[in-house]
Structure formats: structure tokens, C-alpha cells
Amino acid sequence: MTKRTIVVGTRQSQLALTQTEQVIGDLKELCRAHGLPFEFEIKKIVTKGDRILDVTLSKIGGKGLFVKEIEQAMLDGEIDMAVHSMKDMPSVLPEGLINGGVPLRKDPRDALISRSGLHLHELPQGARVGTSSLRRSSQLLAYRPDLVLEPVRGNIDSRLRKLEEEGFDAIILAAAGLQRMGWENRVTAYLSADVCLPAVGQGALGIECRENDAELRELLSLYNDPDTALTVAAERRFLAVLNGGCQVPIGAYANLERAGGQAPEEGGAGGGEPGSGRAPRIRLTGMVGSADGRVILKESAVGEDPVALGERIAGLLLAQGADALLKEAEE
């Protein structure tokens with residue numbers, strides 16, 4: 001195999017660059033371990049989602065705006081792969097592109113950062129909380145109807161700055177992004193899934209590449225974490241059936257259960273019992289809510305096939321009227 005330089009496309013945000021550099025570092029280690037002659041080069045790409053910062057995502061087309069220009073560059077052969085936050089990836093990828101690998105997932109939870117150090121239940125009546133996520137807003141209002149939810153856009157560092165400069169009592173961010181940046185010390189509290197179910201794929205990365213790039217797919221298969229790939233597949237199928245994005249309040253989280261119904265410890269591997277030959281059991285919880293938080297539909301089930309499980313949970317919620325909530329939110 002001749003030496004090849006793999007061009008990696010990325011957004012220009014500090015987080016996007018950091019996680020891309022972390023992935024490249026991991027891939028270089030795999031190349032050394034397996035004798036693969038690859039080198040890597042970063043190409044920065046500005047997306048529409050990065051250019052429009054004064055409007056909530058739900059009003060300008062959703063999180064696909066963070067990946068469209070990058071995907072087009074891949075299809076045009078300008079780049080070979082891209083590292084995305086999985087929660088930013090549309091549930092259906094363009095023809096010719098695939099998720100080549102899903103590395104080990106980090107913390108899927110949402111994190112509260114408050115100026116006063118108060119936890120969510122301790123914030124004063126009518127506290128101003130910054131988030132541009134309809135999913136978060138819906139669940140936070142269901143938990144604390146008195147909160148005043150206001151949009152806050154921008155990169156992680158700019159949102160943290162706005163917390164101090166724009167008079168918010170607190171903001172909500174994805175825990176994984178803060179952890180990847182080494183900013184865990186800014187977190188006041190992590191929100192449990194009972195209070196705020198994460199976004200589909202939150203905490204996971206998706207390594208997108210061209211379907212016909214056999215060399216690169218072989219490398220990415222070595223980087224793929226099978227357990228994370230299974231759980232994220234269940235969440236993404238749930239999202240795809242509901243045809244949802246960040247324009248509507250949808251959340252989902254899947255984890256693998258050990259024998260006896262126990263979930264694996266955070267960051268650890270799941271799956272069936274060693275040597276049992278049993279397929280891993282996946283527990284998936286999905287939710288759809290109204291924008292004002294007055295209605296929250298939530299279902300949970302266990303299964304072995306991630307696609308079938310995602311479809312099952314979506315079907316249960318649709319049977320309860322989730323389609324009407326989704327239509328209302330989109331309008």
C-alpha cells in the first residue's frame with residue numbers, strides 16, 4: 001500500500017478542531033500499530049450553521065447546517081473524511097457517504113453551568129437559562145415551568161462568556177464537549193436522563209467518509225467501538241422514523257445491559273456475557289415533547305436489534321400522539 005495523505009475536513013470552532021485532532025492522534029497510533037502508511041492533513045471549512053449565529057437552529061433548518069458544506073467537500077473529493085459530533089449529523093446521510101466508524105462514546109449527559117453555583121432545582125424563581133435546544137427547553141420546562149428559557153448560540157467558549165456577560169443565571173451544554181476541551185471544572189451539575197434525556201448520539205462522534213473508500217474504511221473499522229455503534233444505531237433509527245431534528249423536541253439514549261439487567265459502568269464495554277455467544281441487550285429510552293414542556297411522551301424498551309428497537313420506541317410514541325407534537329413544533 002503506497003503512502004497516502006488523508007485530508008480531514010472540520011469546522012473551525014475550538015471544539016471541532018480539538019476533537020478532530022484527538023481523533024487524528026488516535027488514528028496515527030492505529031496506523032503505527034498495524035503498519036498502515038497513512039498521514040493526515042486538516043482542512044478547515046466554514047458551514048452555514050457557523051455563519052448564522054443570531055437565529056436559533058430550529059428557524060434556519062436544523063443541525064444539518066453544520067455538516068452540509070463538509071459533506072459536499074467530501075463528495076467533491078476535496079476531503080476524505082470528517083469528524084462530527086454525532087448529535088449534529090442528520091439521521092439520513094447523502095448517497096455515497098457513510099459513518100465509517102463510531103469511537104467510544106463519552107458522557108452523554110447535559111451539563112448545567114450556573115453563575116451562582118446553584119443546581120437546577122436551586123435556581124431562583126424565574127431564573128434565566130440559556131439554551132437554543134428545543135429538546136432541552138421542553139424537558140426543563142416540564143421539570144421547572146417557572147424558568148425563563150432564552151436562546152444562546154455560538155461555540156462553547158462564547159456561550160460560557162455570554163453566561164457572564166448577558167445576565168443568564170445558567171446555561172446548558174453537552175457534557176462531552178466540555179470534557180473534550182478539559183473544562184469539566186466549569187460544570188455545576190450533570191443532569192440525569194430522568195430530568196433531561198440527551199440528544200440522539202450526544203457524547204458520540206461520527207467519522208464520515210466516502211462509501212467507496214475501501215482503504216480508509218479499513219482503518220476506521222479498527223477505530224470503531226462496537227458497543228457505541230450499536231447504541232447509537234438504535235437512537236438514530238428512532239430519530240429517522242420520527243423524521244426529526246433539532247427543530248423538534250426529541251431525545252433518546254441507549255445503553256447496553258449486562259446479564260441480570262445491569263447497565264455497564266460509564267465508559268466501559270457492554271454486551272452479553274463473555275463466551276455466552278448472546279447478542280448484547282440494548283435498552284433504549286426515547287421522548288417527544290411539546291415546546292412548552294406541558295406534554296412529555298416517553299417510552300423505554302429492551303431489545304437486541306438496534307434498528308427494530310428504534311422503530312419500536314418510535315412506534316409507541318407515535319401511537320400516543322407524537323406526530324401531532326412534532327407537527328406543532330415544526331409549525
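Are Asp80 and Arg4 buried or exposed? Asp80 is buried, and Arg4 is buried as well. This is a predicted model. The report starts with two sheets, then turns to helix packing and charged pairs.

## The sheet around strand 1

One open sheet has 5 strands, in the order 2-1-3-10-4. Its pairing is mixed. Which strands stand at the edges? They are strand 2 (38–44) and strand 4 (97–101). Each has a single partner strand, so one side of each is left without a neighbour in the sheet. From one strand to the next, the twist averages 35°.

Strand 1 (residues 4–10) runs parallel to strand 2, and 7 bridges join the pair. Val8 has Ile42 in strand 2 as its bridge partner. Helix 1 (residues 14–34) lies across this sheet, over strand 1, strand 2, strand 3 (81–85) and strand 10 (205–210). The helix runs at about 170° to strand 2.

## The sheet around strand 8

Another open sheet also consists of 5 strands. Here the order is 7-6-8-5-9, and the pairing is mixed. Strand 7 (148–150) and strand 9 (189–191) form the edges. Each of these two has a single partner strand, so one side is left without a neighbour in the sheet. On average, neighbouring strands are turned by 30° against each other, direction ignored.

Strand 5 (residues 110–114) pairs with strand 8 (residues 170–174) in the antiparallel sense. The pairing covers 5 bridges. Within it, Ile113 stands opposite Ile171 of strand 8. Helix 5 (residues 134–143) packs on the sheet. This helix touches strand 5, strand 6 (128–130), strand 7, strand 8 and strand 9. The direction of helix 5 makes about 130° with that of strand 8. Helix 6 (residues 156–165) lies across strand 5 and strand 8. Helix 6 runs at about 165° to strand 8.

## Helix 1 meets helix 8

Two packed helices are described by the angle between their axes and the distance between the axes. For helix 1 and helix 8 (residues 214–223), the axes come within 10 Å and cross at roughly 100°. That makes helix 1 roughly perpendicular to helix 8.

Which residues of helix 1 meet helix 8? They are Val23, Asp26, Leu27, Leu30, Cys31 and His34. From helix 8 come Leu219, Leu220, Leu222 and Tyr223. By class, this contact has 8 nonpolar, 1 polar and 1 charged residues.

## Salt bridges

Side chains of opposite charge can pair when their charged atoms come close. In this model the count comes to 17 salt bridges. One of them joins Asp80 and Arg4, at 3.4 Å from N to O. Asp80 lies in the loop between helix 4 (68–75) and strand 3, while Arg4 lies in strand 1, so the pair ties together parts that are 76 residues apart in sequence. Asp88 and Arg11 also meet in a salt bridge, at 3.8 Å from N to O. Asp88 sits in the loop between strand 3 and strand 4, and Arg11 in the loop between strand 1 and helix 1, so this pair ties together parts that are 77 residues apart in sequence. Both Asp88 and Arg11 are buried.

Arg294 pairs with Asp292, and their closest N and O atoms are 3.7 Å apart. Arg294 counts as exposed, at 73% relative accessibility. Asp292 counts as partly exposed, at 36%. Shared partners also link salt bridges: Arg4, Asp80, Arg210, Asp213 and Glu215 are joined into one network.

Definitions and conventions:
Residues are numbered from 1 along each chain as its sequence is written. This is a predicted model: local features need pLDDT of at least 70, side-chain atom pairs count only at pLDDT 80 or more; totals for chains, interfaces and linings use all residues. Side-chain values use heavy atoms; hydrogens and water are left out. Two strands pair if DSSP finds at least two bridges between them. Helices (H or I, at least four residues) and strands (E, at least two) are DSSP runs, numbered from the N terminus. Axes are lines fitted to C-alpha atoms, for helices over the stretch in contact, and angles run from 0 to 180 degrees between N-to-C directions. Contact means heavy atoms within 4.5 Å. Angles under 35 degrees count as roughly parallel, over 145 as roughly antiparallel, 65 to 115 as roughly perpendicular and the rest as oblique. Ala, Val, Leu, Ile, Met, Phe, Trp, Tyr, Cys and Pro count as nonpolar, Asp, Glu, Lys and Arg as charged, and the others, Gly among them, as polar. A salt bridge is a side-chain nitrogen of Lys or Arg within 4 Å of a carboxyl oxygen of Asp or Glu. Buried means under 20% relative accessible area, exposed over 50%, partly exposed in between (1.4 Å probe, protein chains only).
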